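Please read the points below with the sequence and the model open beside you. They are short and can be checked one by one.

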Amino acid sequence: MHALEGALPDFYAVIPAGGVGSRLWPLSRAEAPKFLHDLTGSGQTLLRDTWNRVLPLAGSAGIMVVTGRAHRTAVQQQLPELTEANIVLESEPKESSAAIGLAAAILHRRHPDVVVGSFAADHVITDGERFRHAVAEAVAVARQGYITTIGITPTEPSVGFGYILCGERLSIEGAAHAHMVQNFVEKPDLETATAYLASGDYLWNGGMFIARADQLLAQLAETQPMLHEGLLEIAAAWDTSKRDIVVDAVWPLLPKIAIDYSVAEPAAAAGRLAVVRGDFPWDDVGDFSSLAKLLSGGRPGDLAILGEGARVLADSSSGVVVSQSKRLISLIGVTDIVVVDTPDALLVTTREHAQRVKSVVDAIKQAGRDDLL
């Protein structure tokens, strides 16, 4: 695998930096969401890691970040190279279709031939070189008019990820690992996931989408015409003095829908979606079980500890401890434990029940305790 030389022409990387990561409560909060945390012990936030990963592909002038107005200051502190023209602020969360669609609409007005790639701000990818080669292939496929995604080669029968069924191989120069997408599959049960892994025909859905901006917008026009119309109205005002007035009037009315449903699945059904196989380690760190696995290097008998100056005493214990306090945490004879200690909230569960943390967040919302969210 030869090294890539320089940024890809007419390519913009879009980083949607939204979502609270409710399954990582109380570490991830509305004011300090998942992407603003260092979850790998690298000394950098996931957002900064993402920026560094796409920088060689797009250059600092070719990276656009979409985030909430409340996170503007934190994002700019993390990314001082981010230009004013390339930060897009949402007045309220509206799911990935609106976030990525608005970025595509703005960039299409500025650069009609642009190819955009969307890369979540809160995923962990540890092999940047292989990632960039997969993106370069996906850009080559996108230039041929396909909406393209990067599918991750599965390493285990995970029930926490969606899957992509690969179809026929595509013959496109510069894209040796490209296939048509035959089908998207929601998170399966263990038996089904095991069969997918054994077949070799399925990839994990990593939530990365690469397309010509005009093709992405055309798909939205077909499947979500109201959303498409609103995004074009905002984009037309974006680089003018009317931006804030139009955003405040139009954005709250836009429908909430994930890009998987508005773009990827309809494009797959219409034979317009391609996938490039990505052979690199990837994790969306969706809950504390996946965080424990990530920090322990997949060794199930280990106790992973995250937190600057964490004070932990452990005897015959495994799982993960996240500490944001100076409190001493002692564990004796507990297996696959999850302990998250913050100044105003303490979570104790097990890796098996890590997905259920979201229900705690829902209960807190119902109780009106927004100060804990």
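**Notes on one helix and two buried polar residues**

1. Helix H11 covers residues 357-366, and Val357, Val361 and Ile364 in this helix are buried. Buried means under 20% relative accessible area, exposed over 50%, and partly exposed in between (1.4 Å probe, protein chains only). Seen down the axis of H11, the buried residues fall within an arc of 60°, so they line one face of the helix. The arc is taken from the directions from the helix axis to the C-beta atoms. An α-helix has 3.6 residues a turn, so residues three or four places apart point the same way.

2. This is a predicted model, in which local features need pLDDT of at least 70 and side-chain atom pairs count only at pLDDT 80 or more, while totals for chains, interfaces and linings use all residues. Residues are numbered from 1 along each chain as its sequence is written, and side-chain values use heavy atoms, with hydrogens and water left out.

3. What do the buried residues of H11 pack against? They pack against strand S17 (346-350). Helices (H or I, at least four residues) and strands (E, at least two) are DSSP runs, numbered from the N terminus. After H11 comes glycine 368, with a positive phi near 75°.

4. Asparagine 205 lies in strand S9 (residues 202-212). Asparagine 205 counts as buried because its relative accessibility is 14%. Its side chain makes a polar contact with the side chain of aspartate 260, at 2.8 Å. A polar contact is a pair of N or O atoms within 3.5 Å; within protein, one must be able to donate a hydrogen and the other to accept it, and residues adjacent in sequence count only if both atoms are side-chain atoms.

5. Arginine 132 sits in helix H4 (residues 128-142). Arginine 132 is buried, with a relative accessible area of 15%. The side chain of arginine 132 reaches the backbone oxygen of arginine 53 at 3.1 Å.

How values were computed: Contact means heavy atoms within 4.5 Å.
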